[in-house]
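Subject: Structure handover

Hello,

Here is the structure I promised to pass on. Please open it alongside this message.

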Amino acid sequence: MSKIIDKRVTAKLDGDFVVFLIGIKINAWWKVHKWLPVVMAMLRMLKELSVQPREETGFLGHTNAGPGLIVQYWRSFEHLETYAKSQEHAHFPAWRAFNKNMKQTRGDIGIWHETYLVRAGEYENVYSGMPPHGLGRVGELLPADGTLSEAQGRLKDRV
């Protein structure tokens with residue numbers, strides 16, 4: 001587990017980036033044979049991405065945001081899309097298998113994603129008394145004091 005930072009900090013990420021939310025909703029818990037492969041495929045994808053160089057994949061990192069929700073950070077939409085469509089990586093075959101296996105029973109497992117394109121400086125955040133989280137795991141952490149002590153200052157400083 002990461003060390004808790006016992007002060008207020010904010011995270012800065014240079015340039016534009018992408019926030020990708022992806023989730024699963026298990027509607028039929030007793031059908032383990034349906035949802036377990038989906039969960040295992042996501043874990044394989046995250047492991048695959050975490051060991052490859054950021055410069056190549058554009059994958060900056062992820063945060064588990066609760067049961068069935070992962071927040072991913074990418075350098076660009078092009079990086080995200082390239083990974084998703086690559087037949088040499090874990091996502092494409094997993095997506096194909098999911099669609100084949102769920103064709104007749106889509107209601108057993110819900111999956112979803114949302115993609116947000118974030119322009120440089122058009123975001124703000126603060127973390128207090130916790131380990132690096134969210135953008136704080138992938139960006140540069142700075143003390144949230146002075147002009148960075150309030151949300152308006154964190155936005156103004158970055159635009």
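Below is what I found, from the overall layout to the sheets, the helices and the empty space.

**Overall layout**

Please keep in mind that this is a predicted model. The chain has six helices and seven strands. Read from the N terminus, the order of elements is β-β-α-α-β-β-α-α-β-β-α-β-α. The C-alpha trace spans about 55 × 30 × 25 Å along its principal axes.

**The four-stranded sheet**

One open sheet has four strands, in the order 3-4-2-5, with antiparallel pairing. Strand 3 (59-66) and strand 5 (109-118) are at the edges. Each has a single partner strand, so one side of each is left without a neighbour in the sheet. Neighbouring strands here are turned by 15° against each other on average, ignoring direction.

Look at strand 2 (residues 17-26) next. Strand 2 pairs with strand 5 in the antiparallel sense, over ten bridges. To find the register, start at Ile26: its bridge partner in strand 5 is Ile109.

Helix 1 (residues 32-51) packs on this sheet. Helix 1 touches strand 2, strand 3, strand 4 (69-74) and strand 5. The direction of helix 1 makes about 25° with that of strand 4.

**Helix 1 against helix 4**

Helix 1 also packs with helix 4. Their axes come within 10 Å and cross at roughly 170°. An angle over 145 degrees counts as roughly antiparallel, so that is how helix 1 runs relative to helix 4. From helix 1, the contact uses Lys34, Val38, Ala41 and Met45. From helix 4, it uses His91, Ala94, Phe98, Asn101 and Met102. By type, the residues of this contact divide into six nonpolar, two polar and one charged.

**The largest pocket**

How much space lies in the largest pocket? About 1,000 Å³. The pocket is lined by 44 residues. Closest to its centre are Ile22, Val38, Met42, Met45 and Ile111. Val38 and Met45 also belong to the contact between helix 1 and helix 4.

Several elements give two or more residues to the pocket lining. They are strand 2, helix 1, strand 3, strand 4, helix 3 (77-85), helix 4 (91-102) and strand 5. Which element gives the most? Helix 1 does, with eleven residues. The lining divides into 30 nonpolar, nine polar and five charged residues.

**The three-stranded sheet**

A second open sheet has three strands, in the order 6-1-7. The pairing is again antiparallel. Strand 6 and strand 7 (140-143) stand at the edges. Each has a single partner strand, so one side of each lacks a neighbour in the sheet. The twist averages 50° from one strand to the next.

Strand 1 has a partner on either side. Four bridges join strand 1 to strand 7, and the two run antiparallel. Lys12 stands opposite Glu140 in strand 7. Three bridges join strand 1 to strand 6, also antiparallel. Val9 stands opposite Tyr127 in strand 6.

**The cavity**

There is one cavity of 30 Å³ or more. The space in the largest cavity is about 30 Å³. Which residues line it? They are Ile5, Val9, Tyr127, Met130, Pro131, Pro132, His133, Gly136 and Leu141. Strand 1 (5-12) and strand 6 (127-130) are the elements that give two or more residues to this lining. Seven lining residues are nonpolar, two are polar and none is charged. Val9 and Tyr127, both in the lining, are the pair that stand opposite each other in strands 1 and 6.

**Where to look**

For a quick tour, begin at the pocket centre, with Ile22 and Ile111 among the closest residues. Follow helix 1 across the sheet it packs on, then on to its contact with helix 4. Finish at the 6-1-7 sheet and the cavity lined in part by strand 1 and strand 6.

Best wishes

Notes. Residues are numbered from 1 along each chain as its sequence is written. This is a predicted model: local features need pLDDT of at least 70, side-chain atom pairs count only at pLDDT 80 or more; totals for chains, interfaces and linings use all residues. Side-chain values use heavy atoms; hydrogens and water are left out. On a 1 Å grid over the protein atoms alone, a cavity is a set of points where a 1.4 Å probe fits but cannot get out, and a pocket is an open set with protein on both sides within 12 Å along at least five of seven lines; lining residues have an atom within 4 Å of a point. Grid points are joined across faces, edges and corners, and a volume is the space filled by probe spheres set on the points. Ala, Val, Leu, Ile, Met, Phe, Trp, Tyr, Cys and Pro count as nonpolar, Asp, Glu, Lys and Arg as charged, and the others, Gly among them, as polar. Two strands pair if DSSP finds at least two bridges between them. Axes are lines fitted to C-alpha atoms, for helices over the stretch in contact, and angles run from 0 to 180 degrees between N-to-C directions. Contact means heavy atoms within 4.5 Å. Angles under 35 degrees count as roughly parallel, over 145 as roughly antiparallel, 65 to 115 as roughly perpendicular and the rest as oblique.
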